[in-house]
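Please look over the chain below and keep the 3D view open while you read. The report goes through it element by element.

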Amino acid sequence: MTTIAFFGCGNMGAPMVRNLLKAGYAVRVFDLNHALSAALASDGAFVAASAAQAVQGAHTVITMLPHDAAVTSVYLDEKTGLLAQLFKGSLIIDCSTVSPQCARTISAAAHEHQLAMIDAPVSGGVAGAEAGTLSFLCGGSVDEVERARPFLAVMGKNTLHAGAAGAGAVAKVCNNMLLAVHMIGTCEALQLGVDNGLDPAVLSDILLKSSGKNWSLEVYNPWPGVMENSAASREYSGGFQTDLMNKDLGLAMQAAQQSKSVTPLGALAKQLFALHATHGNGKLDFSSILKMLQA
C-alpha cells in the first residue's frame, strides 16, 4: 500500500485526504492545528504528532498550506525542514497557493536533495475538493507531473501541465485574479437588478442564459438563498475566505509588478477585497463582498 504524508487539513485539505483514503492509500496527516488532523482519524488517517512522524515510511508528500511562509517552513526550516528527511527520489506535490518565486525556490532545493517536486495549486473550491473534481495547475517537468498524476486523479478531474517549476503558481494567481474580478462584477449586476425591482434568482437565471454567464454566477452564486449549497446561503461561512483571496490578489500584484504587467482591474479588486476584510469580513467567504455593495 502506498503511503502518503499530507500536511494541511483545513477546508480544502481534509476532503482531499478523505478522497485519498477512499482510493486505498495510507495517509499520514499533520496540521499545526491538531484538532483539524485529529478529525480525520475516524476516516482512517494516521494522525501524526509531528512533521517528522508524518513522513515516516512515506515516499509521497502533499502539502495544502495557506501561504509562502508556511510552505517554506515545512520544507526548508533548518531544524525541521522535510527536504532533509525524505527518502531520495520521493515525490513532493505542493497544492498550496504560493508565489511563483516560492515555488521555484523550493523546487530547486528539492532537486538538490534528489527529490521530485511539482507545484500543483488547485481550482474548484471546497465543493470541488469534497466531490473530487478539482483542477490541478501543475508546474514541473513532464516526468514529475506524470508521477503525480495518479494521486491527483483521485482528488480531481483535471491535471493541467502549465510548464516548468513555478508555472502552476503563475497560472493560479492569474486564475484567482480573474475570479476576484468576475465575482465583484457578478455582485454588482445582481445588486443593480435587485435595486431596480428584479428577483435575484430570476435575474441569475437570465444571466446564465446570456453573455454575462460566468463561474461565480453558475457555481458560486453570491446572493443568499439563490443557490442552496453556496457559501452565501450559509451566511458566507466555510468556503474560500476573504483573507485568502486578499492574499492571492497580493501575489498576483507582486507578479504583475515583477513582469511590469498592466492589471488595472486586478489592482482595483485587490483594493476592494482589502477594504472588505478591514470591516470584519476576513473570515467570511469571498463572495460576501456583495455586502460591500449593500452598505
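## Helix α1 and its surroundings

Helix α1, residues 13-22, is mostly covered. Of its 10 residues, 8 are buried. The buried set is Gly13, Ala14, Pro15, Met16, Val17, Asn19, Leu20 and Leu21. This is a predicted model, and that applies throughout.

What do the buried residues of α1 pack against? Three strands are on the list: β1 (3-7), β2 (26-30) and β4 (60-63). Strand β8 (134-139) is there too, along with helices α6 (125-131) and α7 (142-155). Just after α1 comes Gly24, with a positive phi of about 100°.

## Gly125 in helix α6

Helix α6 holds Gly125. Gly125 is partly exposed, because its relative accessible area is 27% and the partly exposed class lies between 20% and 50%. Leaving out residues up to four places away in sequence, Gly125 touches Met12 and Leu134.

Gly125 and Ile289 are 164 residues apart along the chain. Their C-alpha atoms are separated by 17 Å.

## Strands β5 and β6

Strand β5 covers residues 91-94 and pairs with β6 in the parallel sense. The pairing runs over 4 bridges. One bridge joins Asp94 to its partner Asp119 in β6. From β5 the chain passes through helix α5, residues 100-112, to reach β6. This β-α-β crossover is right-handed.

Are the faces of β6 covered or open? Both are covered in this strand, residues 116-119. Ala116 and Ile118 are buried on one side. Met117 and Asp119 are buried on the other. The general pattern fits the split: in a regular strand, side chains alternate between the two faces of the sheet.

## Helices α4 and α5

The helix of that crossover, α5, also packs against α4. Their axes are 11 Å apart and meet at an angle of about 5°. An angle under 35 degrees counts as roughly parallel, so α4 is roughly parallel to α5. From α4, the contact uses Asp68, Val71, Thr72, Tyr75 and Leu76. From α5, it uses Cys102, Thr105, Ile106 and Ala109.

Tyr75 deserves its own look. It lies in α4, residues 68-76. Tyr75 is buried because its relative accessible area is 1%, and the cut-off is under 20%. Which residues does Tyr75 contact, leaving aside its neighbours within four places in sequence? They are Val61, Thr63, Gly81, Leu82, Leu83, Ile92 and Ile106. Ile92 falls within β5 (residues 91-94), and Ile106 is one of the α5 residues in the helix contact. Tyr75 and Ala110 are 35 residues apart along the chain, with their C-alpha atoms separated by 8.6 Å.

## Helices α8 and α11

Now for another helix pair. Helix α8 (residues 167-195) packs against helix α11 (residues 242-259). The angle is about 120°, and the axes are 9 Å apart. That angle makes α8 oblique to α11. The crossing is left-handed.

On the α8 side, the contact involves Val173, Asn176, Met177, Leu179 and Ala180. They meet Met245, Asp248, Leu249, Leu251, Ala252 and Met253 in α11.

## Ser216 in helix α10

Ser216 is found in helix α10, residues 215-219. Is Ser216 buried or exposed? Ser216 is buried, because its relative accessible area is 0%.

Leaving aside neighbours within four places in sequence, Ser216 contacts Leu179, His182, Met183 and Thr186. Asn221 and Pro222 are also in contact with Ser216. Leu179 thus appears in two settings: it touches Ser216, and it takes part in the packing of α8 on α11.

## The loop between α10 and α11

Two residues in this loop stand out by their backbone angles. Most residues other than glycine have a negative phi. Glu235, in the loop between α10 and α11, has a positive phi near 60°. Tyr236, in the loop between α10 and α11 as well, has a positive phi near 65°.

What is the relative accessible area of Glu235? It is 72%, so Glu235 is exposed, the cut-off being over 50%. Tyr236 has 7% relative accessibility, so Tyr236 counts as buried.

Technical notes
Residues numbered from 1 in each chain as written. Predicted model: local features only at pLDDT ≥ 70, side-chain atom pairs only at ≥ 80, totals over all residues. Heavy atoms only, no water. Buried < 20%, exposed > 50% of the residue type's maximum accessible area, 1.4 Å probe, protein only. Pairing = 2+ DSSP bridges. Right-handed = clockwise from strand over helix to strand, strands pointing away. Contact = heavy atoms within 4.5 Å. Axes fitted to C-alpha atoms, helices over the stretch in contact; angles between N-to-C directions. Parallel < 35°, antiparallel > 145°, perpendicular 65-115°, else oblique. Left-handed = near helix turned anticlockwise from the far one by under 90°.
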